[in-house]
Amino acid sequence: MNESLLAEKHVMYVKDLFRHPAYLIHFMADHLKMNALYWGLGTLFLLKHQKEFERSEVIQFVISCIDESNGGFGAAPKHDAHMLSTLSAIQVLKMYDAIDELTDEQKDRVINFVKSMQLEDGSFQGDRFGEVDTRFVYNAIQCLSLLEALTPEIVNPAVEWILQCQNFDGCFGMVPGAESHAAQAFTCLGVLAITNNLDKLPNCELLEWWLSDRQIEGGGLNGRPEKLPDVCYSWWVLSSLSMLGKLHYIDGAKLQGFILSCQDDSKGGISDRPDKEVDVYHTFFGIAGLSLLGYGDLTPINPIYCLPVSVTDTIKQYPYRFT
Amino acid sequence: MSFVRGYSQNSSFESIHGREKSAKLSESEALKRMEMERPKVDKYKELNELVLNSKLNKIYNKQSFELITKLLEINPELYTVWNYRKEYLINEIDGMNEINKHEILENELYFVLKQLKKFPKSYWIWNHRIWCLKLDNLSDWENELKLIKQFLTVDSRNFHVWSYRRFIIKCMKDISKDSDIIDFEEFKFTTSMINKDISNYSAWHNRSKLIEMLFNKSPVLSKDDVGDNKLFQYLLIFNNKDINEFLIKELELFKTAIYTDPDDSSVWFYMKWLISEYFLNKIENDEKIDIITKLINDIKELNELEIEDNENGNDNKWCLISIVYLMKQLYKIDKLLVNLDEFNNYLTILQKIDPMKRNRYIELNI
Ligand SMILES: [Zn+2]
């Protein structure tokens with residue numbers, strides 16, 4: 001059982017991931033390269049190793065993923081634009097303070113792409129094929145926030161729609177009618193928080209109790225009632241509680257112990273549960289959770305944007321004041 | 001995308017859930033694995049390039065469709081290739097009559113089903129199935145419901161499957177004159193799912209949604225139409241919008257559930273909703289008081305049994321959490337009905353038996 005964070009090992013793990021692809025699994029991962037870049041780079045930033053990659057090379061890769069047909073970002077070159085990869089791309093640029101490395105035209109096109117994904121009811125689709133999910137609303141709202149392009153015309157219907165996704169237990173589902181899921185608490189609260197609308201949320205206490213009940217025997221958090229604990233929920237649940245000002249409703253020390261017990265002490269990286277295979281997604285969200293818990297001297301993370309606080313400090317707050 | 005020199009040895013992009021841990025490979029072992037996988041990698045790369053390039057060139061012929069199929073069978077997560085497949089299909093059915101269109105989309109559903117059986121939790125594949133059904137005006141909804149039942153038998157909590165079910169039901173309602181009959185059929189279905197497994201939170205969730213809809217609009221059916229007497233009682237309750245009777249009946253089900261498994265959290269969350277302002281605001285004060293006091297007594301009784309059963313003589317956490325919640329609700333109606341010492345005593349016990357959430361009990365105010 002590991003009692004402390006194996007920071008150097010995790011840096012090594014992330015660096016290993018961004019070498020040349022070697023096995024079939026590496027070549028088969030094009031569909032999530034952009035997300036993985038955000039998770040990997042995020043991990044390095046939290047561990048204060050943000051200089052490991054050549055900034056210009058990363059930016060060049062991100063720009064090579066622009067989908068020329070609509071201006072959004074795909075997960076890899078030649079891949080279609082999608083809301084998931086578009087947000088990751090903008091987040092990576094933001095981490096490097098490189099949004100201005102996009103040309104004005106590129107910036108306008110990505111803003112237009114994101115806006116064009118909004119449907120009449122205020123929700124957002126992931127791409128032009130119609131899948132709707134609170135995740136995509138979050139993607140859109142954070143993207144537009146980072147690009148300083150939020151407007152009441154976009155925000156108000158999106159917020160109305162998000163509120164319709166709240167359920168009998170106080171938590172949120174993927175669409176109105178869908179079952180509550182802790183990851184959806186993050187996306188929905190995130191939309192409300194970015195747009196300065198958290199006070200519109202009814203039943204806060206119900207949600208706060210439901211979220212804290214995600215902590216189960218052993219200290220780990222699950223995503224839905226009667227499910228197994230999983231490191232990634234350390235982020236989804238913890239960030240949600242943090243946005244509600246109720247981080248202290250769960251036992252931080254116990255959760256910390258659970259996350260640390262999921263480290264691989266030879267390869268580096270963090271897995272979903274103890275003694276399982278590690279991946280960059282759980283590595284990032286595990287360390288992000290530890291950062292929110294104030295562990296060691298990790299870079300502090302912003303619970304709303306899931307980016308280092310030093311990065312989010314420069315975000316223009318909505319509603320914008322015109323001067 | 002590579003920002004560090006050399007080849008990857010021990011890392012993976014995928015978000016892996018539940019896979020067994022692999023041992024760290026040494027440099028020579030990694031090299032060996034790379035050599036061994038090279039033929040497969042070369043084939044994959046070639047196929048992948050071929051498909052992406054023919055997508056860029058907007059080639060929509062049988063040969064490209066076969067390549068798409070081949071690639072998706074190897075890697076169903078390639079959303080761009082699913083998109084290409086959609087573009088191909090749109091192109092193919094363009095101008096076709098409904099019957100021919102249906103035939104093509106039916107074949108497509110068959111392909112999707114094969115993939116779903118292998119990867120029942122892939123967002124992209126479920127998404128593709130929904131996309132197909134939206135295009136087809138001759139879909140066989142009953143058949144979809146049958147499939148859903150099979151998927152729920154394998155995993156009764158798969159939220160993709162539940163979402164898909166709600167989508168199918170919505171499609172059926174859109175073309176039906178009696179959409180409230182469909183809602184009632186769904187109510188029957190979730191009741192049967194709960195009876196099968198009282199801790200199926202997904203089913204409890206769906207029940208909450210259906211109840212809201214049925215109180216809004218419910219069908220008028222005879223006892224023979226409904227068949228089951230218990231369900232017929234529910235139907236009358238919905239018809240009469242009789243919230244008080246509903247709560248009494250639903251709390252009987254709740255009681256059965258907590259006696260079946262008092263440590264299962266699902267049904268305790270559901271009870272919180274039953275005794276929330278959503279329903280309470282619609283009944284009289286004396287009805288509220290009757291229901292809540294009886295419920296508190298029932299739960300106390302169960303807690304006593306639990307204390308006897310527990311080796312360490314501890315109270316049941318969920319019993320106390322619920323009693324505290326109910327006392328709070330009662331206090332809102334009439335302060336004199338609540339013994340504050342008793343209330344605070346429960347909170348003190350909860351801090352002890354549920355120490356991880358100590359702070360929320362400390363902060364809880366009546
Ligand atoms: Zn996970």
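Let me start with a term: when I speak of a contact, I mean heavy atoms that lie within 4.5 Å. With that in hand, and bearing in mind that what we are looking at is a predicted model, I would like to begin with chain B. If we take the contacts in chain B between residues at least 6 apart in sequence, 62% of them join residues at least 24 apart.

As for its secondary structure, chain B has 18 helices and zero strands. Its radius of gyration is 28 Å, whereas the globule rule gives 21 Å for 366 residues, and because the value is well over that figure, chain B is more spread out than a compact globule. Along the principal axes, the C-alpha trace of chain B spans about 75 × 60 × 30 Å.

Turning to the surface, 52% of the 366 residues of chain B count as buried, and the accessible surface of this chain comes to about 18300 Å², with 50% of that belonging to carbon and sulfur atoms. Chain B carries 54 positive and 60 negative charges, and the mean positions of these two sets are 6 Å apart.

Let me finish with the metal: which residues coordinate the zinc ion? From chain A, A:D230 appears twice through OD, and it is joined by A:C232 through SG and A:H282 through NE2, while chain B supplies B:H17 through NE2, at 2.1 to 2.5 Å. A:C232 lies in helix α11 of chain A, residues 232-243, and A:H282 in helix α13, residues 280-292, so this pair ties together parts of chain A that are 50 residues apart in sequence. Both A:C232 and A:H282 are buried.

How values were computed. Residues are numbered from 1 along each chain as its sequence is written. Chains are lettered from A and ligands numbered from 1 in the order in which they are written. This is a predicted model: local features need pLDDT of at least 70, side-chain atom pairs count only at pLDDT 80 or more; totals for chains, interfaces and linings use all residues. Side-chain values use heavy atoms; hydrogens and water are left out. Helices (H or I, at least four residues) and strands (E, at least two) are DSSP runs, numbered from the N terminus. The radius of gyration is taken over C-alpha atoms; the globule rule is 2.2 Å times the number of residues to the power 0.38. Buried means under 20% relative accessible area, exposed over 50%, partly exposed in between (1.4 Å probe, protein chains only). Accessible areas come from the Shrake-Rupley method with a 1.4 Å probe; for residues, only the protein chains shown count as cover. Lys and Arg count as positive and Asp and Glu as negative; His and the chain ends are not counted. The place of a charge is taken as NZ of Lys, CZ of Arg, CG of Asp or CD of Glu. Donors are N, O and S atoms within 2.8 Å of the metal (3.2 Å for Na, K and Ca); water is not among the atoms, so sites may look incomplete.
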